[in-house]
Amino acid sequence: MKVLGVDPGLTRCGVGVVDGVAGRSLTMAGVGVVRTPADADIAHRLVLIERGIDEWLDEQRPDCVAVERVFSQHNVRTVMGTAQASAVAMLCAARRGLPVALHTPSEVKAAVTGSGRADKAQVGAMVTRLLRLDAPPKPADAADALALAICHIWRAPAVNRLQQAHAANRLQQAQAAARARPAPAGVRRTPARALGPRSEAPQKGTR
C-alpha cells in the first residue's frame, strides 16, 4: 500500500509518501512541503496548494490519501485555514477516485509513538526510526505528513474489519426489519421450511 499523507496548512502543507503494509518494514517514497506566500489572498493560496498536491499525486500515484482531521483550537483563523487546505487535499484525491482517510492528531501520535500526547520532536524521532532515515524530516509539517501515512498503513486493516462488521450488522438489521414488516392485506406468508419439495406435473408424451 502506498499512502500519501497530508498535514494541511495554508503557509506550509506537509506532504509525505510511505510505501508498505502493516507488520512489515516501511519505506519513504518522498517527503516535502507545499508552500504559499502569507501575503497572497486566500483563493490564490488554495490554488497553489491544489497544484502542489496534484503534482505529488501525479508523480507518486498513491493508493490512498491520509489527511489530518481538523479539530477545534482557540485560534479560529488558523482552524479555518487548516480546514480549507484539508478540503483541497480531499478534493484532489476524490477527483482521481482515490479513497481518503481522516486521522486525528492524537490517533497519529498514538500510532507512531504509543502516546496520544507526544510532542512534535517525539513524532519526528519515531518517524526517523521507523523509516530508517538519517535525520528527522524538516520542517515538522513534513514529518507529520509521514506520520499520517504510517498511521493509516497500520490502522487500515483494523478499520477495514470494523467497516465490514458495521456493514454486516446493518444488513442483518435490514433483513430483520423486512421479516417483521406486516404482509400486505390478502397476502399470506408461508415459512420456507413449511414448504415441501417442489414436484413437477408429469408431462404427456406422444409416441
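**Exercise 1. Asp54 and its contacts**

Task: In this predicted model, find which residues Asp54 is in contact with, leaving aside its neighbours within four places in sequence.

Solution:
- Start with the location: Asp54 is placed in helix α1.
- Set aside the neighbours within four places in sequence; the contacts of Asp54 are then Cys92, Arg95 and Arg96.
- Next, the accessibility: buried means under 20% relative accessible area. Asp54 has 15% relative accessibility, so Asp54 counts as buried.

**Exercise 2. The pair α1 and α2**

Task: Describe how helix α1 and helix α2 pack, giving the angle and how far apart their axes are.

Solution:
- Helix α1 covers residues 42-60 and helix α2 covers residues 76-95.
- Their axes are 9 Å apart, and the packing angle is about 40°.
- Because of that angle, α1 is oblique to α2.
- As for handedness, α1 passes α2 in a right-handed crossing.
- On the α1 side, the residues that meet α2 are Ile42, Leu46, Ile49, Glu50, Ile53, Asp54 and Leu57. On the α2 side they are Gln84, Ala85, Val88, Ala89, Cys92, Ala93 and Arg95.
- Sorted by character, the residues of this contact of α1 with α2 are ten nonpolar, one polar and three charged.

**Exercise 3. The buried residues of α3**

Task: Name the buried residues of helix α3, and work out where around the axis they lie.

Solution:
- Helix α3 runs over residues 105-113, and its buried residues are Pro105, Val108 and Val112.
- These residues cover an arc of only 65° around the axis, so they sit on the same side of α3.
- A general point helps here: an α-helix has 3.6 residues a turn, so residues three or four places apart point the same way.
- Finally, look just past the helix: Gly114, just after α3, has a positive phi of about 95°.

**Exercise 4. The pair α3 and α4**

Task: Determine at what angle α3 and helix α4 cross, and which residues make the contact.

Solution:
- Helix α4 spans residues 120-130.
- The axes of α3 and α4 come within 9 Å, and the crossing angle is roughly 50°.
- α3 is therefore oblique to α4.
- This crossing of α3 and α4 is left-handed.
- From α3, the contact uses Lys109, Val112 and Thr113. From α4, Gln122, Val123, Met126, Val127 and Leu130 take part.
- By type, the residues of the contact of α3 with α4 are five nonpolar, two polar and one charged.
- Val112 belongs to this contact and is also one of the buried residues of α3.

**Exercise 5. Pro136**

Task: State where Pro136 lies, and whether Pro136 counts as buried, partly exposed or exposed.

Solution:
- Pro136 is in the loop between α4 and α5, the latter being residues 140-180.
- The relative accessibility of Pro136 is 38%, so Pro136 counts as partly exposed.
- Not counting residues up to four places away in sequence, Pro136 touches Gly124 and Thr128.
- Compare with Met126: Pro136 and Met126 are ten residues apart in sequence, and their C-alpha atoms are 8.6 Å apart in space.

**Exercise 6. The whole chain**

Task: Give how many helices and strands the protein has and the pattern they follow along the sequence.

Solution:
- There are five helices and five strands.
- Along the sequence, the pattern reads β-β-β-α-β-α-β-α-α-α.
- The protein has 207 residues, of which 35% count as buried.
- Take the contacts between residues at least 6 apart in sequence: 62% of these join residues at least 24 apart.

How values were computed:
Residues are numbered from 1 along each chain as its sequence is written. This is a predicted model: local features need pLDDT of at least 70, side-chain atom pairs count only at pLDDT 80 or more; totals for chains, interfaces and linings use all residues. Side-chain values use heavy atoms; hydrogens and water are left out. Buried means under 20% relative accessible area, exposed over 50%, partly exposed in between (1.4 Å probe, protein chains only). Helices (H or I, at least four residues) and strands (E, at least two) are DSSP runs, numbered from the N terminus. The arc is that of the directions from the helix axis to the C-beta atoms. Axes are lines fitted to C-alpha atoms, for helices over the stretch in contact, and angles run from 0 to 180 degrees between N-to-C directions. Angles under 35 degrees count as roughly parallel, over 145 as roughly antiparallel, 65 to 115 as roughly perpendicular and the rest as oblique. A crossing is left-handed if the near helix is turned anticlockwise from the far one by less than a right angle, and right-handed if clockwise. Contact means heavy atoms within 4.5 Å. Ala, Val, Leu, Ile, Met, Phe, Trp, Tyr, Cys and Pro count as nonpolar, Asp, Glu, Lys and Arg as charged, and the others, Gly among them, as polar.
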